[in-house]
Amino acid sequence: MVIDCKAISQAKRDAIKRKAAELDITPTLAVILAVDDPASRVYVRNKRRACEEVGFGFEMYSDINAVGELVTQQDVHGVLVQLPLPSDIDTNKVIAQIPPEKDVDALTATNLGRLVLGAYDFAPCTPSGIMTILDNVCGSVSGANCVVIGRSNIVGKPMSIMLTQKNATVTLCHSHTEDLAGITSRADILISAVGKAGFVTANMVKQDTIVIDVGINRNREGKLVGDVCFDDVVRKADAITPVPGGVGIMTVTSLLENTLKAAELAVGKR
Ligand code: NAD
């Protein structure tokens, strides 16, 4: 089965739109796009369109110094810095300026710490979107053998924490992992966040596994693909997310959820 992430996302967005309409304020997201990179521009455009779809306000800034002002503006509920930033800017310093209650990407030390403690309002958007997919596809992950490839702060690490909190048994793999195929071929749920086209081949996947492909890559023909050799793995997997139209769309929907939560927090509704 190819997982219909568009349908899962649409149901969520419909609910977000309804809840937003019940608020006396317009939930508003501000995005800082400080680098002129084509991929980042596309991601920000998708975020703007998603905000428009559910009736949120959307503001865009190109000056990284805007963060300092945005965090004090009462009519801006969520502040997101589009990553990666240019190499001469200290990403951690910029993120640290965002107060936890406006940190809709959940990347501040406070929000990541709260995630580890299991008491949080905001979880990073991509792992959060993947948990929604897994809720829809398998209900519970309790006891499942989950393998995550990639240990970034925005995907792999928080993913491993969220799965652990739901009682999965998690193995977090990375570029120094030995016998990767031996580990992945025992996974009930395999999540790949590496960023290399064709990285996960059919021999790395057990029959009837759930495969979540986070990667966004261009293959040799310039086509948008994930990390997984989709045409081969789809025959073996019980369920698999497509690229495009998979995890990416859920990431944006999680961002909308977090922005709604931020607006609700601002008016004392949470
Ligand atoms: P990253 O690019 O920061 O790091 C890649 C990770 O892959 C590292 O942790 C590294 O250890 C691991 N890795 C590299 N080579 C490996 C190997 N041979 N064996 C095992 N592990 C290896 O990670 P990221 O920022 O999470 O991005 C990963 C991919 O996910 C990229 O393609 C990115 O574009 C994509 N992404 C997609 C979404 C989405 O919404 N769909 C969101 C974030 C990132």
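Q: What covers the buried residues of helix 7?
A: This is a predicted model. In it, the cover over the buried residues of helix 7 includes helix 5 (109–117) and helix 6 (125–138). Strand 4, strand 5 and strand 6 are also part of that cover.

Q: Which residues of helix 7 are buried?
A: Gly156, Pro158, Met159, Ser160, Met162 and Leu163 are buried there.

Q: And what follows helix 7?
A: Asn167 follows helix 7. The phi of Asn167 is positive, near 70°.

Q: Let's do the sheet with strand 5. What is the strand order?
A: The order is 5-4-6-7-10. These five strands form an open sheet, and the pairing is parallel.

Q: Which strands are at the edges?
A: Strand 5 (169–173) and strand 10 (239–240) are the edge strands. Each of them pairs on one side only.

Q: How many bridges join strand 6 and strand 7?
A: Four bridges. Strand 6 covers residues 189–192, strand 7 covers residues 210–213, and they pair in the parallel sense.

Q: Which residue is the bridge partner of Ile191?
A: Ile212, in strand 7.

Q: Back to helix 7. Which strands of the sheet does it touch?
A: Helix 7 (residues 156–165) packs on the sheet and touches strand 4 (145–149), strand 5 and strand 6. The direction of helix 7 makes about 170° with that of strand 5.

Q: New topic: the sheet of three strands. What is its order?
A: The order is 2-1-3. This sheet is open, with parallel pairing.

Q: Why is one side of strand 2 and of strand 3 left without a neighbour in the sheet?
A: Strand 2 (57–61) and strand 3 (78–81) stand at the edges. Each has a single partner strand, so one side of each has no neighbour in the sheet.

Q: What is the average turn between neighbouring strands there?
A: Neighbouring strands of this sheet are turned by 20° against each other on average, ignoring direction.

Q: How many bridges join strand 1 to strand 2?
A: Five bridges join them, and the two strands run parallel. Strand 1 is residues 28–32. Thr28 stands opposite Gly57 in strand 2.

Q: Which helix lies across these strands?
A: Helix 2 (residues 38–53) lies across strand 1, strand 2 and strand 3. Helix 2 runs at about 155° to strand 2.

Q: Where does Ser62 lie?
A: Ser62 is in the loop between strand 2 and helix 3 (66–70).

Q: Is Ser62 buried or exposed?
A: Exposed, with a relative accessible area of 57%.

Q: What does Ser62 touch?
A: Leaving out residues up to four places away in sequence, Ser62 touches Leu33 and Ala34. Ser62 and Leu33 are 29 residues apart in sequence, with their C-alpha atoms 5.0 Å apart in space.

Q: Now the surface. Which residues form a nonpolar patch?
A: Val42, Tyr43 and Ile216 form one. Together they have about 230 Å² of accessible area.

Q: Where is Val42 found?
A: Val42 is in helix 2. Its relative accessibility is 34%, so Val42 counts as partly exposed.

Q: On to charges. How many salt bridges does the structure hold?
A: Five. One of them joins the side chains of Lys12 and Glu257, at 3.0 Å from N to O.

Q: Which parts of the chain does that pair link?
A: Distant ones. Lys12 is in helix 1 (residues 5–21), Glu257 is in helix 10 (residues 247–266), and they are 245 residues apart. Lys12 is partly exposed, at 28% relative accessibility.

Q: What about Arg13: which residue does it form a salt bridge with?
A: Glu53. The closest N and O atoms are 3.0 Å apart. Arg13 lies in helix 1 and Glu53 in helix 2, so the pair ties together parts that are 40 residues apart in sequence.

Q: Is Arg13 buried or exposed?
A: Buried, with a relative accessible area of 9%. Glu53 is partly exposed, at 31% relative accessibility.

Q: And which residue does Glu52 form a salt bridge with?
A: Arg48, with the closest N and O atoms 3.3 Å apart.

Q: How many residues apart are Glu52 and Arg48?
A: Four, both in helix 2, so about one helical turn separates them. Glu52 is partly exposed at 49% relative accessibility, and Arg48 is partly exposed at 32%.

Technical notes. Residues numbered from 1 in each chain as written. Predicted model: local features only at pLDDT ≥ 70, side-chain atom pairs only at ≥ 80, totals over all residues. Heavy atoms only, no water. Pairing = 2+ DSSP bridges. Axes fitted to C-alpha atoms, helices over the stretch in contact; angles between N-to-C directions. Contact = heavy atoms within 4.5 Å. Patch = residues over 30% accessible without salt bridge, like charges linked within 9 Å, V, L, I, M, F, W, Y side chains within 5 Å. Areas by Shrake-Rupley, 256 points an atom, 1.4 Å probe, with all protein chains shown as cover. Salt bridge = Lys/Arg side-chain N within 4 Å of Asp/Glu carboxyl O. Buried < 20%, exposed > 50% of the residue type's maximum accessible area, 1.4 Å probe, protein only.
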